[in-house]
Amino acid sequence: MHAPVLVMQDSMKREQGGKVQRANIQAAKAVADIIRTTLGPRSMLKMLLDAAGGIVVTNDGNAILRELDLAHPAAKSMIELSRTQDEEVGDGTTSVIVLDKPPDSLKSIANILHNSISVTTGQCRRRKGGLVHEGPRNDLIKGIMLAAYPDANVSGGFHAGEMLHVAEAFIDKKYHPTVICRAYAKALEDAVAVLDKIAMTIDVEDRATMLGLVKSCIGTKFTSQFGDLIAALAIDATRMVGVELGQGLREVDIKKYIKVEKIPGGQLEDSVVLKGVMMNKDIVAPGKMRRKIVNPRIILLDSPLEYKKGENQTNAELLREEDWTVLLKMEEEYIENMCAQILKFKPDVVITEKGLSDLACHYLSKAGVSAIRRLRKTDNNRIAKACGAVIVNRPDELQESDVGTAAGLFEVKKIGDEFFTFIVDCKDPKACTILLRGASKDLLNEVERNLQDAMSVARNIIKCPKLVPGGGATELTVSAMLKQKSSSVEGIEKWPYEAAAIAFEAIPRTLAQNCGVNVIRTMTALQGKHANGENAWTGIDGNTGEIADMKERKIWDSYAVKAQAFKTAIEAACLLLRIDDIVSGIKKKQAPGAGQGPSKPKIDEEGDADNDQLIPE
């Protein structure tokens, strides 16, 4: 017998095979369970405490998961999912991860029933291991289980976590993960085709329709109680910064050119979209420079208006006293020339990203020019977009075309204890600021998160003006169509394909649960209406729990968000299923000698203290 060969170090831990897949599925379920109750208009809020003692109160899936510190690698990848969804389309972060898990006791009862009920009809197929997915036996099992557990949901649902949850049964039956992934990929392809079929195109210029859509998409958020306010702010801001690219395409960069400025105080109704830029800055010399200028000429610089200093420790040796005077005069002349080059263009406001010396401040204030220094690069870019100016690197390269003249008003106001600069009333600005007012910082932070989602929805509609029904109607239609198609799928891929179809029902089921209605009755009624792929717009009203026509209730979803949620969820489920080995305990390689820390000082112990060590005289 051969002696065992040691390949890995003792500190390393390795898990492989089905055990890894089950662990990944359990981790995905745990993450999804955290945010399951945050779906829909009747969602619950989560309160999170961060390491610094700060409090976050939100029902935004991405914001919750971002704050969590998780150890399991699969759970971490689920959080990445939510982040991807947020970056790509800005909404649907909870839908991607939602998971609704049936109690383990139900699963065990289901297995016993599966194996004990005899099959007398040719409609059911008995495979090795007793895996049955259709026919009278399944209906009989459901009937028995519903009688025993009226509040339970037998079919077990999910989106990303849900896709993994249904895959668990196949992993137990020794299905190869590649087969499951292949079936899921086919299901995704067909699901997107169904989305294209039921999608409805809208006119983005119709403000009332846009308002209704954005309001519907953020109806689950905290700010939905404030009516049209947040939706109106989002639509105004995204329309303002939209840029035509030709061929009917529009580019809307909400990260670069829309700034949200939060100032505690006042009421939320005081929030406005400014046609220009606002920043937390005051003029360099209050009292000497003007704080209000109508139709200002603005020059933007990203170079310092001060004498150039040496890079590091520059020494100048002066032999005569008059040389010192010459040196100072040279500095003064350098700054005077620089200011003269700027003043040649008769500006009213000069803004620089770098420093501005007292002498330059003197020359500018003498000429009646207001100056602001040390501005952020992002703010400078926004001002350039708003007032039509060009940021100049060197004052001697200034041209008349670089001066911004599109701003209607430059004003410095005091709000609370701080001064804020407003460059507003711009003509056709391509950058704007949303000023949010509210009772507290926590409230404003939550409003800002909701506003970001609303702006993302508005941007998605402007870029892709297509709608699909909300309230779980889309998922039920996709589920019904996939169930129909599953009969034409050949081979063992048929079962995972059908399971993926059932998986889409997780969203309407979770919505019904969060409304507090009878889940089984509601889902049965909805499945009946969607049975043949009909009534595509029938779903659940998230506020009342009633089954209604989504078009009449104006409950819509953006096509881009829904399609991205399906793609992200299924692709991530496939990724996690294909992991069959986890090796942990890998240490980073250190540079030679880096591991040896500084030698500790030797401390004399009590026994050594009396040793006869001669002290040199």
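**Exercise 1. The hairpin**

Task: In this predicted model, find the hairpin formed by β17 and β18, and work out how many residues sit between the two strands.

Solution. Start by locating the strands: β17 covers residues 409-415, and β18 covers residues 418-424. Between them you'll find 2 residues. One residue to look at in the turn is G416, whose phi is positive, about 70 degrees.

Next, check how the strands pair up. β17 and β18 run antiparallel, joined by 7 bridges. To see one of these pairings, pick E411: its bridge partner in β18 is F422.

**Exercise 2. The other side of β18**

Task: Which residue of β18 is the bridge partner of M279, and how many residues of β18 are buried?

Solution. Go to strand β11, residues 277-279. Strand β11 is also antiparallel to β18, and 3 bridges join the two. Follow M279 across and you land on T421.

Now for burial, where the cut-off is under 20% relative accessible area. In β18, 5 of the 7 residues are buried, so the strand is largely enclosed by the rest of the structure.

**Exercise 3. Two nonpolar cores**

Task: Find the largest nonpolar core and say which helix gives the most to it.

Solution. Begin with the residues that have the most contacts inside this core: L305, I351, I383, I434, L451 and M455. The whole core has 89 residues. Helix α10, spanning residues 229-241, is the top contributor, with 10 residues.

Zoom in on I434 next. Leaving out residues up to four places away in sequence, I434 touches, among others, L233, A237, I258, V272 and V273. L451 and M455 are on that contact list too, and so are K259 and E261.

Apart from this core lies another one, of 56 residues, including A74, V489, F566 and A573. For background, nonpolar side chains in soluble globular proteins tend to be buried together.

Take F566 from that second core. You'll spot F566 in helix α21, residues 559-577. F566 counts as buried because its relative accessible area is 1%. Finally, compare sequence and space: F566 and A191 are 375 residues apart along the chain, yet their C-alpha atoms are separated by 8.0 Å.

**Exercise 4. Buried or exposed?**

Task: Sort V326, R449 and K174 into buried, partly exposed or exposed.

Solution. Keep the cut-offs handy: under 20% is buried, over 50% is exposed, and partly exposed is in between.

- V326 has a relative accessible area of 46%, so call it partly exposed. V326 lies in helix α12, residues 321-343. Together with Y307, M330 and Y334, V326 makes a nonpolar surface patch of about 360 Å².
- R449 comes in at 17%, so R449 is buried. Look for R449 in helix α15, residues 441-463. Not counting residues up to four places away in sequence, R449 touches V56, V57, T58 and A63.
- K174 has 71% relative accessibility, so K174 is exposed.

**Exercise 5. Positive phi without glycine**

Task: Where in the structure are K174 and R374, and what is the phi of K174 and of R374?

Solution. First, the background: most residues other than glycine have a negative phi. Now look at K174, in the loop between α7 and α8. K174 isn't a glycine, but its phi is positive, about 65 degrees.

Then move to R374, in the loop between β15 and α14. R374 also has a positive phi, near 50 degrees, and is a residue other than glycine.

Terms used
Residues numbered from 1 in each chain as written. Predicted model: local features only at pLDDT ≥ 70, side-chain atom pairs only at ≥ 80, totals over all residues. Heavy atoms only, no water. Core = buried A, V, L, I, M, F, W, Y, C linked by side-chain atoms within 4.5 Å. Buried < 20%, exposed > 50% of the residue type's maximum accessible area, 1.4 Å probe, protein only. Helix = DSSP H or I, 4+ residues; strand = E, 2+ residues; numbered from the N terminus. Contact = heavy atoms within 4.5 Å. Pairing = 2+ DSSP bridges. Patch = residues over 30% accessible without salt bridge, like charges linked within 9 Å, V, L, I, M, F, W, Y side chains within 5 Å. Areas by Shrake-Rupley, 256 points an atom, 1.4 Å probe, with all protein chains shown as cover. Salt bridge = Lys/Arg side-chain N within 4 Å of Asp/Glu carboxyl O.
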